[in-house]
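Please read the following walk-through with the sequence and the coordinates open side by side. It moves from the surface to the sheet and the core, and then to the charged pairs.

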Amino acid sequence: SSTVSIRDGPNQAQILGKLSEPLVDGVFTFTSLQLNMAGKYTLQFTYDGNANVDIKEGASFLVGKPVHTISVLVSTESTTAIAGRAFPNQPQLSLEDEDGNLCIGASRPITASISQDPGNAIAHMPGPSNLFGKVVMN
């Protein structure tokens, strides 16, 4: 089997998940590894088999902080929205970590939904509504 550990990384960082995997068809496959802190890491692997093996260390990589806040940059609030037409002001959101930095490279979709007039300022017909448009993600 092969075991993974942190060679270089932030103080008090921990690697979580199943840290040891068996050799299957010449390959060790790790499927549940996680790191508990953001930072720059290098992992190292050991082999406890009976062959003399030269193990190469992995390349360093960065782990970012998780998304902490979703901020609305541009609101769709408008008194001129017309049914069947695109909103005059299209919504824009930003994903930020706990320090207020943009989470560049985040890749999970965000789902938009309609909330029926929480302030009861406009009459509406109850029932399902559909959102139409295009989702743009970087």
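In this predicted model, Val67, Ile70, Val72, Leu93 and Ile110 together make a nonpolar patch of about 430 Å² on the surface. One of these residues, Ile70, belongs to strand β9, which covers residues 69–74.

The strands can be followed next. Four of them form an open sheet in the order β3-β1-β7-β8, and their pairing is antiparallel. Because β3 and β8 (61–63) stand at the edges with a single partner strand each, one side of each is left without a neighbour in the sheet. As background, the strands of a sheet pair through backbone hydrogen bonds, in either a parallel or an antiparallel manner. Within this sheet, strand β1 (residues 2–8) and strand β7 (residues 39–47) run antiparallel and are joined by six bridges; to place one residue of that pairing, Asp8 has Thr42 in β7 as its bridge partner.

From the sheet, the reader may turn to the nonpolar interior. The largest nonpolar core has six residues in all, namely Val4, Ala13, Ile15, Leu35, Tyr41 and Leu43. Leu35 is a useful residue from which to trace the surroundings: when its neighbours within four places in sequence are left aside, Leu35 is in contact with Ile6, Gln14, Ile15, Tyr41, Phe61 and Val63. Two of these contact partners, Ile15 and Tyr41, are also listed among the members of the core.

Where does Lys18 lie, and what surrounds it? Lys18 is found in the loop between β2 (15–16) and β3 (20–21), and, with its neighbours within four places in sequence left aside, Lys18 is in contact with Phe30, Ser32 and Leu33. The C-alpha atoms of Lys18 and Thr31 are separated by 7.7 Å, although these two residues are 13 residues apart along the chain. Lys18 also forms a salt bridge with Glu21, in which the closest N and O atoms are 3.7 Å apart. The two partners differ in their exposure: Lys18 has a relative accessible area of 46% and is therefore partly exposed, whereas Glu21, with a relative accessible area of 9%, falls under the 20% limit and so counts as buried.

The count of salt bridges comes to four, and two others among them involve Lys65. In one, the side chains of Glu98 and Lys65 meet at 3.8 Å, N to O. Because Glu98 lies in the segment after β10 (92–96) and Lys65 in the loop between β8 and β9, this pair ties together parts that are 33 residues apart in sequence. Glu98 is exposed, with a relative accessible area of 55%, while Lys65, at 32% relative accessibility, counts as partly exposed.

In the other, the side chains of Lys65 and Asp99 meet at 2.2 Å, N to O. Since Asp99 too lies in the segment after β10, with Lys65 in the loop between β8 and β9, this pair ties together parts that are 34 residues apart in sequence. Through salt bridges that share partners, Lys65, Glu98 and Asp99 are joined into one network.

How values were computed
Residues numbered from 1 in each chain as written. Predicted model: local features only at pLDDT ≥ 70, side-chain atom pairs only at ≥ 80, totals over all residues. Heavy atoms only, no water. Patch = residues over 30% accessible without salt bridge, like charges linked within 9 Å, V, L, I, M, F, W, Y side chains within 5 Å. Areas by Shrake-Rupley, 256 points an atom, 1.4 Å probe, with all protein chains shown as cover. Helix = DSSP H or I, 4+ residues; strand = E, 2+ residues; numbered from the N terminus. Contact = heavy atoms within 4.5 Å. Pairing = 2+ DSSP bridges. Core = buried A, V, L, I, M, F, W, Y, C linked by side-chain atoms within 4.5 Å. Buried < 20%, exposed > 50% of the residue type's maximum accessible area, 1.4 Å probe, protein only.
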